Amino acid sequence: MRYELPPGLIRLDGNSGGAAPSRTSARLRKFAEHRWMESCARRFAPDWELEARTCAAKLARLIGAGECELTVAETTSVNLFKALVAASRLRPEQPALAVGRDCFASDHYLARSAAAYTGTELLLFDDLAELPFDRLAVVALSHTDVRSGAVRDPVATTAALHEQGVLVLWELSESAGALDVDLHAWNADLAVGCGHRYLGGGPGAPAYWFVAERHQRELGGRDRSCDGVLTQTASGFSGAPSTLALSELRNGLSMLDGVSGAELEAKTNGLVSLFVDRLLRAPGVEIVPPRRGRRRGPQVSLRHPRAQLVVAELFARGVVVDFVDPDVLRFSFAPSWLRYIDVWEAAEVVREVLEQLDREG
């Protein structure tokens with residue numbers, strides 16, 4: 001088995017990092033022992049930097065970026081703060097930052113800090129049409145809506161915002177590792193994302209942020225092409241992450257070597273379709289549709305008046321999902337470690353719990 005899949009437990013939550021690759025424990029043990037050897041102590045580059053470069057190289061191939069455009073460190077929200085500050089420096093004459101409400105709530109807190117730090121105005125929005133583009137330096141959007149699971153069209157959205165002279169920052173935590181992400185094809189300016197949700201980094205995994213090479217010189221990066229060496233812009237704005245957390249993320253990314261984003265997305269769509277089909281006639285539940293007619297991503301949200309009780313009953317029967325107050329159950333589908341049989345069995349358990357609650361009234 002490529003992943004450690006605990007018997008009797010199906011993880012459809014998005015916060016844990018999912019199943020661990022089978023060789024993670026052995027690799028972490030080897031890494032911890034090896035790093036104290038004399039040959040490691042004499043190396044020019046520290047362990048964390050070598051691991052960060054390897055993670056950046058593996059991740060770059062998966063999300064359509066250059067290695068020198070990625071920094072693997074810190075958390076998604078901290079990286080969002082830095083990316084918004086960078087955007088305000090790239091557009092100093094435009095005194096406002098806009099962040100979609102479809103981003104995480106924690107992202108909103110850090111965005112407020114970025115606005116206060118740069119002396120700009122922060123706008124939180126639902127609809128792009130509401131925004132005053134002539135005043136905006138950047139628009140930050142989640143590729144996949146964390147509430148409904150709806151996916152934006154990144155190519156059309158980026159192009160439309162560029163026509164307005166606005167930079168575009170994509171939040172990829174709900175997409176990378178489950179959908180076909182290609183930052184170069186999208187013509188993205190900036191991006192951030194977590195390392196644990198679909199990338200196999202596990203709890204506490206470092207996040208990442210992307211700065212397109214065309215912006216790096218203006219932000220203080222070295223004048224060099226994207227040749228596989230991290231530039232000052234990509235690596236100089238972050239502290240040293242935990243070497244063990246980096247090593248775990250590297251191992252998770254290694255499981256996706258040779259797998260394309262298109263292949264991941266195809267399996268994600270298959271898993272989600274199977275789950276939705278099995279629950280269409282389940283009693284007392286509403287499947288939250290994608291917003292504004294967008295397509296569904298790697299997440300399904302169900303609304304139920306007793307959602308918290310449903311989550312508890314599912315947990316007792318070995319199915320772990322997320323609860324969103326007040327009445328939403330959120331299911332996440334990671335294509336790299338979830339099997340179709342897992343999704344089938346989980347859907348059957350959900351149906352059983354819903355039917356039991358319906359009988360009990």
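In the predicted model, Thr 157 lies in helix 6, and with a relative accessibility of 12% this residue counts as buried, because the value falls under 20%. When residues up to four places away in sequence are set aside, the contacts of Thr 157 are with Leu 128, Leu 141 and Trp 170.

The loop that precedes this helix supplies one partner of a salt bridge between distant parts of the chain. Arg 152, in the loop between strand 8 (150-151) and helix 6 (154-163), is joined to Asp 102, in the loop between strand 5 (96-100) and helix 5 (105-118). The closest N and O atoms of this pair are 3.1 Å apart, although the two residues are separated by 50 residues in sequence. Both partners fall in the buried class, Arg 152 with a relative accessible area of 8% and Asp 102 with one of 2%. The residue that follows Asp 102 in numbering, Cys 103, is likewise counted as buried, at 4% relative accessibility, and Cys 55 is also buried, at 0%. A search of the whole structure for disulfides returned 0.

At the level of the whole chain, 13 helices and 17 strands are assigned. Of the 361 residues in the chain, 55% are buried, while the area that the chain exposes comes to about 15400 Å², of which carbon and sulfur atoms supply 52%. Contacts across the sequence were also examined: among those between residues at least 6 apart in sequence, 70% join residues at least 24 apart. The count of salt bridges comes to 17.

A second region of interest is an open sheet, in which 4 strands are arranged in the order 12-14-17-16 with antiparallel pairing. Strand 12 (286-287) and strand 16 (322-324) occupy the edges of this sheet, and because each has a single partner strand, one side of each is left without a neighbour in the sheet. Strand 14 (residues 299-303) and strand 17 (residues 328-332) run antiparallel to each other and are joined by 5 bridges, and within this pairing Ser 301 has Arg 330 of strand 17 as its bridge partner. Helix 12 (residues 307-316) packs on the sheet, where it touches strand 16 and strand 17, and its direction makes about 40° with that of strand 17.

The same sheet carries salt bridges that involve Arg 303. This residue, in strand 14, forms a salt bridge with Glu 286 in strand 12, and the pair is 17 residues apart in sequence; the closest N and O atoms are 3.4 Å apart. The side chain of Arg 303 also meets that of Asp 327 in a salt bridge, with an N to O distance of 3.6 Å. In this second pair, Asp 327 is located in the loop between strand 16 and strand 17, and 24 residues separate it from Arg 303. Glu 286, Arg 303 and Asp 327 are accordingly linked in a network of salt bridges. Each member of the network is classed as partly exposed: Arg 303 has a relative accessibility of 30%, Glu 286 has a relative accessible area of 38%, and Asp 327 has a relative accessibility of 21%. The value for Asp 327 still belongs to the partly exposed class because that class begins where the buried one, under 20%, ends.

Contacts were also examined for Val 353, which is found in helix 13 (residues 340-360). Val 353 has a relative accessible area of 1%, so it is placed in the buried class. With neighbours within four places in sequence left aside, this residue is in contact with Val 310, Glu 313, Leu 314 and Arg 317. For one of these partners, Leu 314, the separation from Val 353 is 39 residues in sequence, whereas the C-alpha to C-alpha distance in space is 7.2 Å.

Conventions:
Residues are numbered from 1 along each chain as its sequence is written. This is a predicted model: local features need pLDDT of at least 70, side-chain atom pairs count only at pLDDT 80 or more; totals for chains, interfaces and linings use all residues. Side-chain values use heavy atoms; hydrogens and water are left out. Two strands pair if DSSP finds at least two bridges between them. Contact means heavy atoms within 4.5 Å. Axes are lines fitted to C-alpha atoms, for helices over the stretch in contact, and angles run from 0 to 180 degrees between N-to-C directions. A disulfide is a pair of cysteine sulfur atoms within 2.5 Å. Buried means under 20% relative accessible area, exposed over 50%, partly exposed in between (1.4 Å probe, protein chains only). Accessible areas come from the Shrake-Rupley method with a 1.4 Å probe; for residues, only the protein chains shown count as cover. A salt bridge is a side-chain nitrogen of Lys or Arg within 4 Å of a carboxyl oxygen of Asp or Glu.
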